[in-house]
Structure formats: C-alpha cells, structure tokens
Amino acid sequence: MALSKPKLYCAWFCPFAHRAWISMLTKGVDFEYIEQDPYNKSADWLAINPRGLIPVVVHNGRSIYESHVCIEYIDEAWPSEPRLLPRDPYDRARARIWGDFVAKKLVPPHYQFLLKQSQEEQDDARNQLLTNILEFTQAMDPEGPFFLGKNLGYVDIMFAPWSYRSYILKHYRDFEVPNTEEYKRFHIWSKAVNNHPSIKAVEQDKEKVLAFSRPYAEGNAKSELADAIRKNKVLP
C-alpha cells in the first residue's frame, strides 16, 4: 500500500503519458498530477527520469517510467479492484502479448500515416494500419465490450489514447475505420473505451490537440518520436 501520495508526471498532449493517467484514474488512486514538459531536459527532470520522457510515476521516492511499465506498476502497487491485468497467468500473458501488438503494430503506422508526406507512403501506412486493426479486432473477446471482456484493462489502455483521438487522422488524412461487418467489433470496442469515465476525464480540447498535431501532419515535427518514425526505428 502507498506510504506517500504518488506523483504522476504527465503532459496534456502526450498519448503515451495518458496511459498512466488513465490507469491511475481507473484504479481510483489518490495522486498528484504534475504537468511536465518532456522537451525540457533540465538536470532536475533528468534526475527523475534519465531518459527525460513521460510518463513517470514517483512513488515512495522512487521513479517508475515507460508507459506500459507504469500501467503494470499501478495495477500491482494498488491491487484492489478493478484489476487492469487478469489474475490468471495465461490471460495475463495474453494481455501482454496484445499490449505489445499495440506498441509495435498499431501505434507506429498511426504516426507513419500522419507524418509521411508522399501519397505512396501514406497509402502504405493506411493499409498497414487497417490490416493491423482488423487483426487486433479479431483477437477481442467476442462479447466484450472491452478487449478481454466486461472491464477496461491493460490492452484497452495501451491503445485508448489513440482511439479517443481518432479525429486527428480524420482531420488530416480523411481516415476512418470502415463501418463494415468485419470491423463491427472494433467499433463496439471503440465506443466502450471512448465513453469510459477514466477516458473521458483525460480528454483535451479537440482544437488544441489538432493544433499540436499539425507539425506531424505537415512533416515538420521535431521530437524523438518523429525522428524515430522518419528513420523507421523503434519508438522511444
């Protein structure tokens, strides 16, 4: 149990950081939210996270970072219901497998589609994103509405920050997941996620988010994330 009030270093614009924010809210943790500019690599900030990235959870004087690690830590440090990862070892392993799929197969093509400027590259990213969303959809619990069943969990939180900001790709690339039978389960999932109280609590002003995303859409973004996409490297 908590010995001191945890701190969450986050940023309003960062979907990766929102994973930890959503997790804190879902678990009902009493925490201090600290807005942190990850572009400010001050000595004080690097002392909290040597990588200089967000999110960071500081709990009992110790730093936990990497967004997927933060989700797991929050679930384990505050083990009361609701659980974000299943108790059953197989189900927990499966959740991690599909969380890894989100990180490697859904988030990168999202940014490739947004950042790339040639029509050919955008078309490739669009097709890859749709193919991978379909694979993600087919792995969902058939009843749902969430990925593993009735409750919001680890896999949902891994992809939720991009789901509830789907209007970014709609605005800049005229992209929407087709409203067809094969994607029907995805739309059920998306609606459930986007309407969850913990998700709605972290939503930001749409116009503000679109303005922040414009440099990516125009190919001018200067960030570690944008550099990784340009060089086809693993996302930071």
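Biologist: Arg-87 and Glu-81 are the residues I would like to begin with, so are they buried or exposed in this model, and what does that word rest on?

Modeller: In this predicted model, Arg-87 is exposed and Glu-81 is exposed as well, which means that each has a relative accessible area over 50%.

Biologist: What makes Arg-87 and Glu-81 a salt bridge?

Modeller: The closest N and O atoms of Arg-87 and Glu-81 are 3.2 Å apart, and a side-chain nitrogen of Arg within 4 Å of a carboxyl oxygen of Glu meets the definition, so the pair is called a salt bridge. Elsewhere, salt bridges with shared partners link Lys-27, Asp-75 and Arg-83 into one network.

Biologist: How many salt bridges does the structure hold?

Modeller: There are eleven salt bridges in the structure. One of them joins Lys-5 to Asp-30, with 3.5 Å between the closest N and O atoms. Lys-5 belongs to the segment before strand E1 (7-10), whereas Asp-30 sits in the loop between helix H1 (15-27) and strand E2 (32-35), so this pair ties together parts that are 25 residues apart in sequence.

Biologist: Why are Lys-5 and Asp-30 given their accessibility labels?

Modeller: Lys-5 has a relative accessibility of 49%, which is not over 50% and not under 20%, and therefore it counts as partly exposed. Asp-30, at 55%, is over the 50% cut-off and is therefore exposed.

Biologist: How do you know that Arg-96 and Glu-72 meet in a salt bridge?

Modeller: The N to O distance between the side chains of Arg-96 and Glu-72 is 2.9 Å, and this value is within 4 Å, so the criterion is met. Because Arg-96 lies in helix H4 (residues 89-115) and Glu-72 in helix H3 (residues 67-77), the pair ties together parts that are 24 residues apart in sequence.

Biologist: What makes Glu-72 buried or exposed, and which label does Arg-96 carry?

Modeller: Glu-72 has a relative accessible area of 15%, which is under 20%, and so it is called buried. Arg-96, at 33%, falls between the two cut-offs and is therefore partly exposed.

Biologist: Which residues gather in a patch of negative charge on the surface?

Modeller: The patch is made up of Glu-120, Glu-121, Asp-123 and Asp-124. Glu-121, which lies in helix H5 (residues 119-138), counts as partly exposed at 37% relative accessibility, and this value is over the 30% that a patch residue needs.

Technical notes: Residues are numbered from 1 along each chain as its sequence is written. This is a predicted model: local features need pLDDT of at least 70, side-chain atom pairs count only at pLDDT 80 or more; totals for chains, interfaces and linings use all residues. Side-chain values use heavy atoms; hydrogens and water are left out. Helices (H or I, at least four residues) and strands (E, at least two) are DSSP runs, numbered from the N terminus. Buried means under 20% relative accessible area, exposed over 50%, partly exposed in between (1.4 Å probe, protein chains only). Patches are made of residues with over 30% relative accessible area and no salt bridge: like charges are joined within 9 Å, nonpolar side chains (Val, Leu, Ile, Met, Phe, Trp, Tyr) within 5 Å. Accessible areas come from the Shrake-Rupley method with a 1.4 Å probe; for residues, only the protein chains shown count as cover. Lys and Arg count as positive and Asp and Glu as negative; His and the chain ends are not counted. The place of a charge is taken as NZ of Lys, CZ of Arg, CG of Asp or CD of Glu.
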